[in-house]
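Here is a short set of exercises to work through with the model open beside you. Try each task first, then compare your steps with the solution.

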Amino acid sequence: TGVLNKAIYGDPEKAAAAAQYIAARLDTLADEVERGWVGQYVEGQGFQFERTVRGGKDTALIDDAFLGSVEARKLDEYTVKLQDVFARPGKLRRKDAEHMVYGPVDLFEAVTHAGRMGFTRQRYTGLGEMNPEQLWET
């Protein structure tokens with residue numbers, strides 16, 4: 001959303017507007033019964049987001065340490081590209097399955113999950129336990 005830029009979180013008005021935008025974006029990504037995100041920027045602490053779902057409070061924080069990190073600056077370079085790509089939810093289709101993708105984390109999780117399906121691991125204590133075909137593949 002561009003909030004990892006000092007020009008945004010360094011200006012109180014822009015930071016407050018960004019916090020409201022992120023809270024609204026979190027609401028659009030949440031199920032209807034799990035909405036209600038409220039965001040604010042607190043000087044010296046970072047962006048804080050809260051919601052109450054079924055009596056429990058969820059909180060999320062983008063702290064000052066992260067905002068000033070090298071990783072945050074690197075992510076900020078990709079803001080425009082990521083906003084274009086993830087402006088609307090996408091669909092990851094694989095054979096018969098379809099998964100909605102709302103952002104980079106969703107995409108990573110969906111691909112990782114798809115990669116694990118049908119995957120089995122087998123361990124051997126020695127080469128003598130393998131049959132010739134398995135030994136050849138290894």
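The exercises below go from the whole chain to its core and then to single residues.

This is a predicted model, in which local features need pLDDT of at least 70 and side-chain atom pairs count only at pLDDT 80 or more, while totals for chains, interfaces and linings use all residues. Residues are numbered from 1 along each chain as its sequence is written, and side-chain values use heavy atoms, with hydrogens and water left out.

**Exercise 1. The fold in outline**

Work out the order of the secondary structure elements, starting at the N terminus.

Solution. Begin with the inventory: the chain has seven helices and five strands. Here helices (H or I, at least four residues) and strands (E, at least two) are DSSP runs, numbered from the N terminus. Now read along the chain, and the order is α-α-β-β-β-α-α-α-β-β-α-α.

**Exercise 2. Overall dimensions**

Compare the radius of gyration of the chain with that of a compact globule of 138 residues.

Solution. First take the reference: the globule rule is 2.2 Å times the number of residues to the power 0.38, and the radius itself is taken over C-alpha atoms. For 138 residues a compact globule would come near 14 Å, but this chain has 21 Å. Next look at the spans of the C-alpha trace, which are about 70 × 35 × 30 Å along the principal axes. Then turn to contacts (heavy atoms within 4.5 Å). Of those with a separation of 6 or more, 23% join residues 24 or more positions apart.

**Exercise 3. Surface and charge**

Describe the accessible surface of the chain and the placing of its charges.

Solution. By the Shrake-Rupley method with a 1.4 Å probe, the accessible surface comes to about 10,700 Å², and 54% of it belongs to carbon and sulfur atoms. Buried residues make up 21% of the 138; buried means under 20% relative accessible area, exposed over 50%, and partly exposed in between (1.4 Å probe, protein chains only). For the charges, count Lys and Arg as positive and Asp and Glu as negative, leaving out His and the chain ends. Place each charge at NZ of Lys, CZ of Arg, CG of Asp or CD of Glu. The mean positions of the 18 positive and 22 negative charges then lie 4 Å apart.

**Exercise 4. The nonpolar core**

Which elements give two or more residues to the largest nonpolar core?

Solution. A nonpolar core is a set of buried Ala, Val, Leu, Ile, Met, Phe, Trp, Tyr and Cys residues joined through side-chain atoms within 4.5 Å. The largest one has 14 residues, and those with the most contacts inside it include Val-3, Tyr-9, Tyr-41 and Phe-47. Helix H2 (12-29) and strand E2 (46-53) are the elements that give two or more residues, and H2 gives the most, with five. In soluble globular proteins, nonpolar side chains tend to be buried together.

Now follow Phe-47: beyond residues up to four places away in sequence, its contacts include Ala-15, Ala-18, Ala-19, Leu-61 and Ile-62. One of these partners, Ala-15, lies in helix H2. Ala-15 counts as buried because its relative accessibility is 0%. With the same sequence neighbours left out, Ala-15 touches Ile-8, Tyr-9, Tyr-41 and Phe-47.

**Exercise 5. Residues in loops**

Are Arg-54 and Gly-44 buried or exposed?

Solution. Locate Arg-54 in the loop between E2 and strand E3 (56-63). Arg-54 is exposed because its relative accessibility is 68%. Check its backbone too: Arg-54 has a positive phi of about 50° although it is not a glycine. Most residues other than glycine have a negative phi.

Gly-44 sits in the loop between strand E1 (38-42) and E2. Gly-44 is also exposed, with a relative accessible area of 52%. In space, the C-alpha atoms of Gly-44 and Asp-64 are 6.3 Å apart, although 20 residues separate them in sequence.
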